[in-house]
Amino acid sequence: MRVLVVASTPEWTAGARLLAQLAAGLAARGDVVAMITALGSAAERAVEQGWPRLSLRSVSGAGGLRQAWSLRGIVTALRPDALLVGSERDAVLAAFAIGTRGGIVRRVAADEYVPRPGTGAVPSPAAAGAAKSAPLPWHARLALARTPITRWGDTRLALGWPSPPVEDTAAHATAIHRLPLTAPAVVLVPGRSHDEGTAAALRTLAHLRTRRPDLRVLLVGATAALQGTRLHAASLDLTAAVEIVPVEALLHHELGYACAAWITAPGDHGALATLAAMQQRLPTVVAVDAPSAELVTHGATGYHVAADNTVVVVAELARLLADVNAQRAVGGAAAARAAREFGWDALVDEAALLLARAAGVSGAGITRRPALMPA
């Protein structure tokens, strides 16, 4: 099957990163895949550096119409069976470019979920159907008029991340939690801007540090983007406890020595960070109304936190910091659930199946080639 993966956004976002990873995964599976990015964009540079063996094409032009014509030229030259896109805008571009010659699958971003208030659960199929029947903007109607678009992730988070096999041996658990008592650390993944969720997490960690003065806070992100969060941490007298670590340290499984992870980032960034933390056997705390709350089973693999139950979270985290066996139990359950329900190979196979159905072609056999995975 010939597939084009379209990410025309110029920014290198978590959603664009996941699309690139999916493109590489489909290529490793045996499909003929090309990645489409905006010419001269940060996403184009990131794909060139991270996936040098992935076929890359670029759309040019400053406006939507110019980019649509540019994409149409690529589609005419490569004649793909299906296109995989990650936004409504790219779905419109893809519909204009491919017409009735193939299929389009649009991955729904995690922040497009509308959880039921106070539960963190995803909408029921009936509620999702009612949302779909709501009036669509003109560009969405245009896209649907030109070609059917298969939405992927309406009722389940369509995401995954490659991870090592889950091992339950005592030696492995000891190696992962190598600093549980002498230097307890909590991973905090905030959003790009300092919001109330991150502020509440910092206040909770400051209160927790009164019980454990040796507590470390590993703040995940780029230093330039964390100024507001760092200022708030300073106002809470947490500066000496805070250490800035890059996002890659979380995604590449380098933070397994921490005791827990608290994710306040929204959308795809927060969902991927939650999954990456779970894969590293970290008990994970998420907001009860966050899209990524679906990943975490409260009390078993982590905790759902609401604005009014800070005391409960402090008590649970204090127990985890003091009990290495509890950390291993909750962390092991998190890693097992991540591998069982959000495994990477299963996600790639699901994408391939949806693309084949949308294109009306038979699915090809799987012949994975690890050399085609990211550098």
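1. R281 is buried, since its relative accessible area is 6%, where buried means under 20% relative accessible area, exposed means over 50%, and partly exposed lies in between (1.4 Å probe, protein chains only). R281 sits in the loop between α11 (267-279) and β11 (284-287), and the helices and strands named in this note are DSSP runs numbered from the N terminus, helices being H or I over at least four residues and strands E over at least two. Although R281 is not a glycine, it has a positive phi of about 65°.

2. Before going further, please keep in mind that this is a predicted model, in which local features need pLDDT of at least 70 and side-chain atom pairs count only at pLDDT 80 or more, while totals for chains, interfaces and linings use all residues. Residues are numbered from 1 along each chain as its sequence is written, and side-chain values use heavy atoms, with hydrogens and water left out.

3. On confidence, the mean pLDDT of the protein is 84, and 85% of its residues reach 70 or more, pLDDT being the predictor's confidence in each residue, from 0 to 100. Over residues 167-181, however, the pLDDT is below 50, and this stretch has 26 contacts in the model beyond near neighbours in sequence, a contact meaning heavy atoms within 4.5 Å. Residues 371-375 also have a pLDDT below 50, and beyond near neighbours in sequence that stretch has 16 contacts in the model.

4. As for the overall picture, the protein has 14 helices and 12 strands, and of its 375 residues 52% count as buried. Among the contacts in the protein with a separation of 6 or more, 70% come from residues 24 or more positions apart.

5. A second arginine with an unusual backbone angle to look up is R79, which has a positive phi of about 50° although it is not a glycine. R79 lies in the loop between α3 and β4 (82-85).

6. T274 belongs to helix α11 and is buried, with a relative accessible area of 0%. Leaving out residues up to four places away in sequence, T274 touches I263, T284, V286, S292, L295 and V296. The side chain of T274 also reaches the backbone oxygen of G270 at 2.8 Å, which is a polar contact in the sense of a pair of N or O atoms within 3.5 Å, where, within protein, one must be able to donate a hydrogen and the other to accept it, and residues adjacent in sequence count only if both atoms are side-chain atoms. The C-alpha atoms of T274 and A261, which are 13 residues apart along the chain, are separated by 8.0 Å.

7. S8 is found in the loop between β1 (2-7) and α1 (14-29), and at 6% relative accessibility this serine counts as buried. The side chain of S8 makes a polar contact with the side chain of R89 at 3.0 Å and another with the side chain of D90 at 2.3 Å. Not counting residues up to four places away in sequence, the residues that S8 touches include I36, A38, V59, Q67 and L93. S8 and S60 are 52 residues apart in sequence, yet 9.5 Å apart in space, C-alpha to C-alpha.

8. S60 returns in the surroundings of S70, a residue of helix α3 (residues 64-78), since a polar atom of the S70 side chain lies 3.1 Å from the backbone nitrogen of S60. S70 is buried, with a relative accessible area of 17%, and it touches S58, V59 and S60 when residues up to four places away in sequence are not counted.

9. The axes of helix α12 (residues 310-322) and helix α13 (residues 324-341) come within 5 Å and cross at roughly 110°, so α12 is roughly perpendicular to α13. Here axes are lines fitted to C-alpha atoms, for helices over the stretch in contact, with angles from 0 to 180 degrees between N-to-C directions; angles under 35 degrees count as roughly parallel, over 145 as roughly antiparallel, 65 to 115 as roughly perpendicular and the rest as oblique. In this contact R319, L320, L321 and A322 of α12 meet V324, A326, Q327 and V330 of α13.

10. L321 also has a link to R212, as its backbone oxygen lies 3.3 Å from a polar atom of the R212 side chain. R212 is found in the loop between α8 (196-209) and β8 (216-220) and is buried, with a relative accessible area of 18%.
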